[in-house]
Amino acid sequence: MILAENLCCIRKPGEQKHSKEPSSLQCMHLAVVACGDRLEETLIMLKSAVLFSNRRLCFHIFSEDSLKPEFEKKLQEWPSSYTKKYEYNIYPITFSVGNAQEWKKLFKPCAAQRLFLPVILKDVDSLLYVDTDVLFLRPIDDIWHILKEFNSTQLAAMAPEHEIPKIGWYSRFARHPYYGTTGVNSGVMLMNLTRIRNTQFKNSMIPGGLTWEEMLYPLYQKYKNYITWGDQDLLNIIFYFNPECLYVFPCQWNYRPDHCMYGSNCKGAEEEGVSILHGNRGVYHDDKQPTFKALYEVIRDFPFEDNLFQSLYYPLQSKFLDTVHTLCGRIPQVFLKQIEKTMKKVYENRVIVYLGANHRY
């Protein structure tokens with residue numbers, strides 16, 4: 001798949017005015033929606049993205065007006081060696097169709113905003129959407145590459161909601177159509193926005209197809225009394241009727257407590273390590289899953305300019321020793337494998353740059 005040119009106006013850290021930058025043509029677009037008390041979570045997620053990614057990043061942050069000054073302050077405080085790796089824009093929460101207050105209260109505060117990304121970001125070809133409680137343990141470049149694996153009909157990618165149908169939520173409790181045998185989880189979602197905008201979607205409401213924007217509110221109205229997980233349920237319904245449009249990536253790209261709290265059931269993570277950690281269920285902020293909390297706290301507390309192994313990897317190993325009483329804590333290699341590999345690459349790249357700079361002199 002050849003990505004179209006992305007001509008969005010993006011703000012660089014420290015800039016007061018929006019301007020079109022040539023670098024935005026090559027950047028990887030990352031979108032997140034943050035409302036309520038999700039400021040810190042969102043910043044730690046963005047920090048993990050910046051720490052490990054190679055190509056330039058364009059952040060699209062959708063938040064309540066009260067959070068905008070805090071985001072700007074924090075993002076501009078990061079060291080210049082990292083701020084040069086990203087650009088950002090902050091958007092208000094807006095819904096183009098239907099009742100805004102209904103959308104805002106759907107499941108979690110403002111989460112339904114993700115459904116409107118194709119409508120709002122008209123100049124962006126493709127992006128990665130993630131929930132605020134996500135941590136990247138390897139470069140975003142690697143999941144971005146999956147866009148090139150889409151066939152001619154696929155326009156989005158998500159991971160299964162569960163690996164085992166008999167204990168999955170959708171297969172046991174859903175009162176509405178859902179994708180596949182276990183449904184999909186929308187906490188990590190690759191989107192080709194151009195294809196979404198140009199597609200007529202099959203649906204259960206009219207014989208013909210509807211555009212994405214035309215479909216959203218009627219779909220919500222039809223199923224609102226049957227959905228539990230808000231916008232994720234609506235996405236499951238959409239792709240139930242349009243399965244050819246979805247690429248399903250493996251569970252290591254959206255690794256959640258369900259993948260280990262009852263016993264390890266994500267084969268991809270066992271083989272390759274966790275690529276993207278999704279700490280849903282609030283596990284970063286309680287003691288129910290200390291392995292997830294340890295990763296969050298170590299990345300949160302890591303000083304940007306410090307040595308990754310000394311100030312991130314070794315403290316993480318130490319914290320994991322206190323989690324072995326849990327089923328997730330008994331498989332530390334699943335959590336450490338990919339992040340160790342990533343840090344080695346970061347270190348090697350820095351050595352090469354350092355040696356190259358010295359060689360010139």
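How many helices and strands does the protein have? Color by secondary structure and you'll get 14 helices and nine strands. Keep in mind that this is a predicted model.

**Whole chain**

Start with everything selected and a surface switched on. The accessible surface comes to about 15,700 Å², and carbon and sulfur atoms own 52% of that. Of the 361 residues, 56% are buried. If you like contact maps, look off the diagonal: among contacts between residues at least 6 apart in sequence, 73% link residues at least 24 apart.

**Two helices that cross**

Next, select residues 39-52, which is helix α1, and residues 290-301, which is helix α12. Their axes sit 10 Å apart and the packing angle is about 75°. An angle from 65 to 115 degrees counts as roughly perpendicular, so that is how α1 and α12 lie to each other.

Now show side chains where the pair meets. From α1, pick Glu 40, Glu 41, Ile 44, Lys 47, Ser 48 and Leu 51; from α12, pick Tyr 296, Ile 299, Arg 300 and Asp 301. What mix of residues makes up this contact of α1 with α12: how many nonpolar, polar and charged? It's four nonpolar, one polar and five charged.

**Val 298**

Stay on helix α12 and click Val 298. Is Val 298 buried or exposed? Buried means under 20% relative accessible area, and Val 298 has 5%, so it is buried.

To see what surrounds it, select Leu 312, Pro 315, Leu 316 and Lys 319: Val 298 touches these, leaving aside residues up to four places away in sequence. Finish with a distance label between the C-alpha atoms of Val 298 and Leu 312: it should read 6.1 Å, for residues 14 apart along the chain.

Terms used. Residues numbered from 1 in each chain as written. Predicted model: local features only at pLDDT ≥ 70, side-chain atom pairs only at ≥ 80, totals over all residues. Heavy atoms only, no water. Helix = DSSP H or I, 4+ residues; strand = E, 2+ residues; numbered from the N terminus. Buried < 20%, exposed > 50% of the residue type's maximum accessible area, 1.4 Å probe, protein only. Contact = heavy atoms within 4.5 Å. Areas by Shrake-Rupley, 256 points an atom, 1.4 Å probe, with all protein chains shown as cover. Axes fitted to C-alpha atoms, helices over the stretch in contact; angles between N-to-C directions. Parallel < 35°, antiparallel > 145°, perpendicular 65-115°, else oblique. Nonpolar A, V, L, I, M, F, W, Y, C, P; charged D, E, K, R; others polar.
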